[in-house]
Amino acid sequence: MATYELPSSDSPDLALLHPTQEEKVETWKLNGASWRGAMPLPIYLRRETYLENQAFTKDGGITFWILVDSTLPRNERPILGSCESFRKRALVARDGKVEDVVSHGIGSVFCNPDYRRRGFAQRMIEELGKKLDTWNQEDRKKTDFTVLYSDIGKKFYSKFGWESFPSSHIALAPMSSESESALSGARSLRADDLEELCSWDEQLLRADIARDVPCKEIRVALIPDLKTMQWHHAREEFAGREMLGREPDIKGAHADCEDSSQVWCIWTRTFGSTEAGNTLNILRFFIDGENDAVRDESEAGDDLTDLKSTDQAKLHGAVAVLHAAQVEAARWEMKDVQIWNPSSLIVLAARQIEPSTKLIHRDDESIASLRWHGEPEERTKVEWVGNEKYAWC
């Protein structure tokens, strides 16, 4: 291998294949140098093995890919690039119908630092797009859409069809439980509470995605089901157990509103590097019957006088749930609470707590990106419903 000459990025010998177990571990060692943060490498390797065996990922739920020279023997070929795809339950609404489909989320895109600036990353993404066109589809049916989250801005992946979608968030500071009776009106959610809430959420999402779909437009959504939430929680539980000696037990907060509606959120703790700090991320924020159901990047006003009494009730419920998240963030020494692509009502609730809350538009990191694999002329007509942190992978 010492005299091996790398092929060019357009070589027909390059192929996107599945790694052996040894090669899979090698990809983790390579990307762990950049992504494991404060986690020692042996623990990081155990975490990756743990995560690939969750209900969400086992039995073909996750697929590992490597870009290699296909003429070389397995376990001896240099790994030029690597990534993963996650099978995701999804919905597509068009022509007055809602269809259950299989989508894919792309994660862990990595190019070996020794082989960068040679076009291998571009080749890998090109090949991945072709693979996912029919991957895990019955009778080689065409995949409708796939998603990824870019940490290198909006331009690179758009060249291959993954267009950037709204990628904003708000952040709230942690709050001690002694401050302003922060927990009043909200109860904690634990793992056993989530199955019923996720089931109900899915039913209402199906109704919402089908509601008033404009002619010739398409709505898509990844389903925030229990297995998805459990995978996110497996990440935090492993990190808590291995790094801190305790597992997070509270998974969210729930509030009953005065108008008999409900507000809840499901969260996860992201344990990052010592420098970056840790974040309590809201995976899914649900407001029962919220009038402002479409999430966009518009700034919310602060005037409460125009809110109907039912919206006032939901606002109070959202404030209570956000307070609970702040308290939990303080308990785990998180630097902040983040809510991705919040609705106007959620932004308004946050400003009841912190009047200076700003909607932050991300330009470089965690850019929600979606590729429409259907007809090219349909691409500009796609609306992404439920573009929240739970969809990240």
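The exercises below, each with a worked solution, concern a predicted model.

**Exercise 1. The span of helix H6**

Work out which span is expected for helix H6 (residues 226-244), and compare it with the distance between its end C-alpha atoms.

Solution. Begin with the length of the helix, which is 19 residues. The expected span is 1.5 Å times one less than the number of residues, and for H6 this gives 27 Å. The end C-alpha atoms of H6 are 26 Å apart, which agrees with the expected value.

**Exercise 2. The surroundings of helix H6**

Find which residues of H6 are buried, then name elements that cover them, and finally describe the residue that follows the helix.

Solution. A residue is called buried when its relative accessible area is under 20%. In H6 the buried residues include Thr228, Met229, Trp231, His232 and His233, and further along the helix Ala234, Glu236, Glu237, Phe238, Ala239 and Gly240 are buried as well. Among the elements that cover these buried residues are the helices H2 (41-51) and H5 (194-210), together with the strands S3 (81-94), S11 (262-270) and S12 (279-287). After H6 comes Gly245, which has a positive phi near 80°.

**Exercise 3. Positive phi outside glycine**

For Ser108 and Asp139, state the phi value, the place in the structure and the degree of exposure.

Solution. As background, most residues other than glycine have a negative phi. Ser108, although not a glycine, has a positive phi of about 55°, and this residue is found in strand S4 (residues 97-111). Its relative accessible area is 25%, so Ser108 counts as partly exposed. Asp139 is likewise a residue other than glycine with a positive phi, near 55°, but its place is the loop between helix H3 (120-132) and strand S5 (145-150). Because its relative accessibility is 79%, Asp139 counts as exposed.

**Exercise 4. Ser82 and its contacts**

Locate Ser82, decide whether Ser82 is buried or exposed, and list the residues that Ser82 touches.

Solution. Ser82 has its place in strand S3. With a relative accessible area of 6%, Ser82 is buried. Leaving aside residues up to four places away in sequence, Ser82 touches Thr27, Trp65, Ile66, Ser108, Val109, Phe110 and Met124.

**Exercise 5. Gln352**

Place Gln352 in its element, classify its exposure, and give the separation of its C-alpha atom from that of Leu197.

Solution. Gln352 belongs to helix H8 (residues 344-353). Its relative accessibility is 38%, and therefore Gln352 counts as partly exposed. Gln352 and Leu197 are 155 residues apart along the chain, and their C-alpha atoms are separated by 26 Å.

How values were computed: Residues are numbered from 1 along each chain as its sequence is written. This is a predicted model: local features need pLDDT of at least 70, side-chain atom pairs count only at pLDDT 80 or more; totals for chains, interfaces and linings use all residues. Side-chain values use heavy atoms; hydrogens and water are left out. Helices (H or I, at least four residues) and strands (E, at least two) are DSSP runs, numbered from the N terminus. Buried means under 20% relative accessible area, exposed over 50%, partly exposed in between (1.4 Å probe, protein chains only). Contact means heavy atoms within 4.5 Å.
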